[in-house]
Amino acid sequence: MPGGDIDALLRVTSTTYRGEAPPDIAFGTYDGAVGRLVLAVSGKGIVACSFDDENLVFERVIKHVGTFIGPDPGRLDPVRRELDAYFSGRLRAFASPVDLVLATPFARTVLQKTMAVPYGTTTTLAEIGERIGRPRALRAVGNAVVSNPVCVIVPCHRVVPGEAVLGDYPGGAAAKRHLLTVESRA
C-alpha cells in the first residue's frame, strides 16, 4: 500500500468490526522521545515497535501475521504506557510479551540474546556472535540487530560494534544515543 493513507485505511477497517470481535492485530503509533514508533500487537505479543514508515510496517504485518488489522487502544495502550515509563527512566524491563514473527530465524536467535543484555549496559556484535555459536558472523549479527522489528523493547540499541563505537541503529544515531543516555541515568 505504498503512498496510501494508513490513517484512512485504519478508519475504514475499524468501522468493519464495530460490534464484532476486535482485530487480530492492533495497529497504531507512539510519539515519544526518539520520534514516531509504529506499533503492532498480535494475540501473542508485540510484533512491531518500528521506526519504519507506517505503510511498510503495515504491509509486513499483513504479509507475515494476518490481515484483520485495526486500531485497538485496549491492546496498544499498555505498550504505550510501558514506553512512557521507559523513556522517563521508571521502567527497566518491559513486561509486554514480544512476538518476533517478523524476524528471520537467524535474527530471532540474535534478538533473543539481545533481550538478555542488562539495562544500562552494552555488548558487542562479537559477544552476541559468541553467544549464538557464530563468532565469525559479525555482519549477519549486525544485520539482524539493525533489522529488529521490535526496537526499544528488544534492546538492539545496547549492541555496539566495539569499544567507543556507537554503530548503526534503525532510528538513527541520535535515537540510539538518547536510549543509552536514558539507561545510563537510572
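I would like to start with a single pairing, in which I25 stands opposite I69 in strand β4, and then work outwards from there. Please keep in mind throughout that this is a predicted model.

Around that pairing, strand β1, which covers residues 25–32, runs parallel to β4, and the two are joined over two bridges. Two helices can be placed against the sheet from here. Helix α2, residues 54–64, packs on the sheet and touches β1, β2, β3 and β4, with its direction at about 155 degrees to that of β1. Helix α3, residues 73–87, also packs on the sheet, where it touches β1, β2 and β3, and its direction makes about 25 degrees with that of β1.

The sheet itself is open and has four strands in the order β3-β2-β1-β4, with mixed pairing. Because β3, residues 46–50, and β4, residues 69–70, each have a single partner strand, they stand at the edges, and one side of each is left without a neighbour in the sheet.

Let me turn to the interior. Which residues of the largest nonpolar core touch the most other members? In this core of 41 residues they are L83, Y86, F87, V152, I153 and Y169. At least two residues each are supplied by a list of elements that includes β1, β2, β3 and α3, and also α7, residues 173–185. Helix α3 gives the largest share, six residues. As general background, nonpolar side chains in soluble globular proteins tend to be buried together. There is also a second, separate core of eleven residues, and among its members are I25, with which I began, together with V38, A40 and V47.

F87 deserves a longer look. Once its neighbours within four places in sequence are set aside, F87 is in contact with Y30, A33, V34, V152, H178, L179 and V182. One of these contacts involves another ring: the model has six aromatic pairs, and Y30 and F87 form one that is stacked, at 6.2 Å centre to centre and with 10 degrees between the planes. This pair links distant parts of the chain, since Y30 lies in strand β1 and F87 in helix α3, 57 residues apart. Both residues count as buried, Y30 at 6% relative accessibility and F87 at 12%. The rings of F87 and Y86, by comparison, have centres 5.3 Å apart and planes at 75 degrees, so that pair is edge-to-face. Y86 is buried as well, with a relative accessible area of 1%. Taken together, Y30, Y86, F87, F94 and Y119 form one aromatic cluster.

Is N148, which sits in the loop between α6 and β6, buried or exposed? At 3% relative accessibility, N148 counts as buried. Leaving out neighbours within four places in sequence, its contacts are with L111, V154 and C156.

Finally, a word on confidence. The mean pLDDT of the protein is 89, and 88% of its residues reach 70 or more. Among the elements, helix α4 has the highest mean pLDDT, at 98, whereas helix α1, residues 6–16, has the lowest, at 46. Over residues 8–17 the pLDDT is below 50, although this stretch does have 17 contacts in the model beyond near neighbours in sequence. Where pLDDT is low, the predicted coordinates should not be read in detail.

Technical notes: Residues numbered from 1 in each chain as written. Predicted model: local features only at pLDDT ≥ 70, side-chain atom pairs only at ≥ 80, totals over all residues. Heavy atoms only, no water. Pairing = 2+ DSSP bridges. Contact = heavy atoms within 4.5 Å. Axes fitted to C-alpha atoms, helices over the stretch in contact; angles between N-to-C directions. Core = buried A, V, L, I, M, F, W, Y, C linked by side-chain atoms within 4.5 Å. Buried < 20%, exposed > 50% of the residue type's maximum accessible area, 1.4 Å probe, protein only. pLDDT = per-residue confidence, 0-100. Phe/Tyr/Trp six-rings, centres within 6.5 Å; stacked < 30°, edge-to-face > 60°.
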